[in-house]
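Student: I am new to this structure and would like a close look at one part of it. Could you walk me through the empty space enclosed inside?

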Amino acid sequence: MTLPPELEALLAARDRPLRLWWRDDDAGRAAPALDRLLDLSARHNAPVALAVVPQWLESACAERIKRCTRVSVLQHGVAHHDRAAPGERKIELGGAVALDALARAVMDGRERLTGTFGGLFLPVMVPPWNRIAPAVLGALPDWGFVGWSGWRATPPDHAGLRRVDAHLDAIDWRAGRRTRSADELWTDLVGLLRAGVREPIGLLTHHLVAGDEGFGALDRLLGVVQDHPGLALQDAVAAFGEGE
């Protein structure tokens, strides 16, 4: 697999490799698809940040994750449960739930992930459906979080949190969960670089819906990223620990 000439030119013009990071959502349940994803991470020595739903977490899944050497765990809401008011778009971290009740649920989930994963867990929130109410976002530091990760179209930054988003979605949700080709992702990356999006740029995958085609495309893409001198895949610890 080769990169488009325009992307090659943009990378060649830089004085250092372009920093990427990899986030995979909706972890928590033991599944062959998760095994496949983690096997890809190991084969390519590619760090992956798993957004784990606390109330989904099964012991077999936790043990499988803890056997990995290139994994970080982020918190993916509480139960991936829609709390939207009637007529609103899906949201768990907001909607019709009272803030104090949500606070208890979120912090209980954080404590569960901390107790299960120890140093693999980063106190970073990944909102389900990439949506979070402003009041909830503002409360995250008081609830023990140092960062959050959404989608590039989600709300603005919060001064007390390190924000590191996903930008390149491997799934086209509006076209029946279609696997997007590497060429589509490279084209998106060109657009992001032209727009001056700050690094690291996030690759977003969903192991539960990837399928054979998706895992094959991911395998090839990770190979290119790991081999190309103009690209660097960093782990979540570096992504959320670095300064602006």
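Tutor: Happy to! In this predicted model, the largest cavity has a volume of about 150 Å³. Its lining is made up of 18 residues. Those that lie nearest the centre of the largest cavity are Ala170, Thr205, Gly214, Ala217 and Leu218, so to speak a good place to begin looking.

Now trace the lining along the chain. Three elements each supply at least two residues to the lining of the largest cavity: helix H6 (182–195), strand S10 (201–205) and helix H7 (207–227). Of the elements, H7 gives the most, with seven residues. Sorted by class, the lining of the largest cavity holds 11 nonpolar residues, six polar ones and one charged residue.

The search of the whole structure finds two cavities of 30 Å³ or more, and it helps to set the other one beside the one you have just seen. The second largest cavity encloses about 70 Å³ of space. Around this second cavity you will find Leu20, Leu168, Trp186, Leu189, Leu203, Leu221, Leu222, Val225 and Leu233. Here H6 and H7 are the elements that give two or more residues to the lining. H7 again provides the largest share, in this case three residues. By class, the lining of the second largest cavity has nine nonpolar residues, with no polar and no charged ones.

To take both in together, follow helix H7 in the view: H7 gives seven residues to the lining of the largest cavity and three to that of the second largest.

Key: Residues numbered from 1 in each chain as written. Predicted model: local features only at pLDDT ≥ 70, side-chain atom pairs only at ≥ 80, totals over all residues. Heavy atoms only, no water. 1 Å grid on protein atoms, 1.4 Å probe; cavity = no way out; pocket = protein on both sides within 12 Å on 5 of 7 lines; lining within 4 Å. Points joined across faces, edges and corners; volume = space filled by probe spheres on them. Helix = DSSP H or I, 4+ residues; strand = E, 2+ residues; numbered from the N terminus. Nonpolar A, V, L, I, M, F, W, Y, C, P; charged D, E, K, R; others polar.
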